[in-house]
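Hi,

Here is the structure I promised to pass on to you. My notes on it follow just below.

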Amino acid sequence: MRREITGFSNPTVKYLRSLRDKKYRRREGRFLVEGLRLLTDARESGRLPEMLAMARGRDAHPLLDELERAVDAGGGEVIETTPDILSKITGKSNAQAVAGVFAEWDTSLAQIDRTAAPIWLVAQALRDPGNLGTMLRTCDAVGAGGLILVDDCADPFSVEAVRASMGAVFTQAIARATWDEFLPWLRTGDGQLVAASLRDAVPYRGAPYKAPCFLLVGNESQGLPEAYEAACDLRVTMPMRGRADSLNAAIAGAVLAYEVLAGLDG
């Protein structure tokens, strides 16, 4: 049965609002997802919210009905509230009609199967959640295995990153590690580490890529540390024909990922 919430000061409302904050997400091991499309992507990927909050007076939709039945069958909780309270929960004045709470899943390197895909994206100190979400979306588009986040990266379960991923957060493997954890893990098995770099690099077009290829992209403003680049098996560079000296990190990752994919397919 549905539980109804009508008061802004309800503890559940405070709990849901708190999940917009990284500190509380980490403490609870939970994150918030807004919108029927993302929630449907999650359900179709085999992940269901533990709690579903829906606005009263919303338009009927068969996908929402399916989602509600699935959450109920899975033992989750369904809450009905007002549009104003849902807006307070999501922090958006034009909040969509539904939001869900998901348990975070294992993001250790141990759960990564490097043989599952020919290409993986690796981001080092990526700080913008929009870029992180875009890289997850790129992973999905190129058939990558997932995204490995190295060092102090943005939270992949933030509202902004989840939204920017367009549902790929639910389809892609995600791992988080320090460089000192990632490099030894990589060297325990097959895997070519490729960096986007200007140091002793070859043109990215037609470079000798090998699967599984781990494509390393650095921080948005500082790029990769020199020691990280030195540890790579291959360094590639992209031509800049205008006045800009670099591409956005997520865009560079996407361009390189498609070139790697073409090279491996060829």
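To start with a small one: is D233 buried or partly exposed? D233 is partly exposed, with a relative accessible area of 44% (buried means under 20%, exposed over 50%, partly exposed in between, with a 1.4 Å probe and protein chains only).

Some background first: this is a predicted model, where local features need pLDDT of at least 70, side-chain atom pairs count only at pLDDT 80 or more, and totals for chains, interfaces and linings use all residues. Residues are numbered from 1 along each chain as its sequence is written, and side-chain values use heavy atoms, leaving out hydrogens and water.

Now the salt bridges (a side-chain nitrogen of Lys or Arg within 4 Å of a carboxyl oxygen of Asp or Glu). The whole structure has 15 of them. D233 takes part in one, with R187, at 3.1 Å from N to O. This pair connects distant parts of the chain, 46 residues apart. R187 is partly exposed too, at 38% relative accessibility.

R58 and E80 form another salt bridge, at 3.2 Å from N to O. Here R58 is partly exposed, at 22% relative accessible area, whereas E80 counts as buried because its value is 16%. Salt bridges with shared partners join R2, R58, E68 and E80 into one network.

A third salt bridge brings together the side chains of E104 and R176, at 3.7 Å from N to O. The two residues lie 72 residues apart, and their relative accessible areas are 23% for E104 and 31% for R176.

Happy browsing!

Definitions and conventions: Helices (H or I, at least four residues) and strands (E, at least two) are DSSP runs, numbered from the N terminus.
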